[in-house]
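The exercises below are meant to be worked with the sequence and the model side by side. Try each task before reading the solution that follows it.

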Amino acid sequence: MSARCCQAEGCTEDLVALGKPYFLKKKICDQHMRAEEVHKAGCGDSLWRFCQQCGRLEPLSNFDGTKRNCPAALPAAAAAAAAVLPATVTYAMGQPRLTSNTPGCASACNPAAADRLQALTSQMAQMQAMLLQMQQSLEIARRL
Ligand SMILES: [Zn+2]
Ligand SMILES: [Zn+2]
């Protein structure tokens, strides 16, 4: 297998010709990076999938359904999200109280800012839901 070849079995894609250093670095072509199942060269019948979190091919059994991040990558991602979330959410939740006639309050003087705050707050709720999902996946992974 040459250094410029995709590591998928039988793939003849020239990674240098694709002109994307990332593919060359990961030794995988665009098509196989996105494939749900990949036969890795030299690994027989075993099936692999490119993990976006780890940036490498991992056994299909590492993944949950059609996800492209293996559960092993979740603790780090969940921890990073958890580290960011509480402070941000507290900040967003605390904001509405400032609308009560506080002089110089951005929300009171600037309707656009209030809209932005609302958008931000719903974004935070979505992120919290995502975090919850990640934690649930993690629980499932732990039980396996
Ligand atoms: Zn390929
Ligand atoms: Zn992974």
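**Exercise 1. Locate Lys-40 in the fold and decide whether Lys-40 is buried, partly exposed or exposed.**

Solution. Begin with the chain position: Lys-40 sits in the loop that runs between β1 and β2. The coordinates belong to a predicted model, and the next step is to count neighbours in it. Around Lys-40 there are 19 other C-beta atoms within 10 Å. Because a residue is called buried at 20 or more such atoms and exposed at 12 or fewer, Lys-40 is classed as partly exposed.

**Exercise 2. Which residues does Lys-40 touch, leaving out those up to four places away in sequence?**

Solution. On one side of the list stand Gln-7, Ala-8 and Glu-9, and with them come Ser-46, Trp-48 and Leu-57. A separate check on the backbone looks at Cys-11, which is 29 residues from Lys-40 along the chain, while the two C-alpha atoms are 9.6 Å apart.

**Exercise 3. Work out the order of the strands in the sheet and the sense of their pairing.**

Solution. First place the sheet in the sequence, where the pattern reads α-α-α-β-β-β-α-α-α, in keeping with a total of six helices and three strands. The strands then make an open sheet ordered β1-β2-β3, with antiparallel pairing. At its edges lie β1 (38-39) and β3 (56-59), each of which pairs on one side only. Next take the pairs in turn: β1 and β2 are joined over two bridges, whereas β2 (residues 47-51) and β3 are joined over four bridges. Finally, examine the hairpin of β2 and β3, in which four residues lie between the strands and Gly-55 adopts a positive phi near 70°.

**Exercise 4. Which residues stand opposite Val-38, Phe-50 and Cys-51 in the sheet?**

Solution. Val-38 faces Trp-48 of β2, and Phe-50 faces Leu-57 of β3. For Cys-51, the bridge partner in β3 is Arg-56.

**Exercise 5. Which residues make up the largest nonpolar core, and what does Ile-28 touch?**

Solution. The core has nine residues, and among them are Val-38, Trp-48, Phe-50 and Leu-57, which were met above as opposite pairs in the sheet. The remaining members are Cys-6, Ala-8, Leu-15, Ile-28 and Cys-29. Setting aside residues up to four places away in sequence, Ile-28 touches Cys-6, Gln-7, Ala-8, Phe-23, Met-33, Phe-50 and Leu-57. As a last step, set the core against the whole protein, in which 10% of the 144 residues count as buried.

Technical notes: Residues numbered from 1 in each chain as written. Chains lettered and ligands numbered in written order. Predicted model: local features only at pLDDT ≥ 70, side-chain atom pairs only at ≥ 80, totals over all residues. Pairing = 2+ DSSP bridges. Contact = placed C-beta atoms within 7 Å. Core = buried A, V, L, I, M, F, W, Y, C linked by C-beta atoms within 7 Å.
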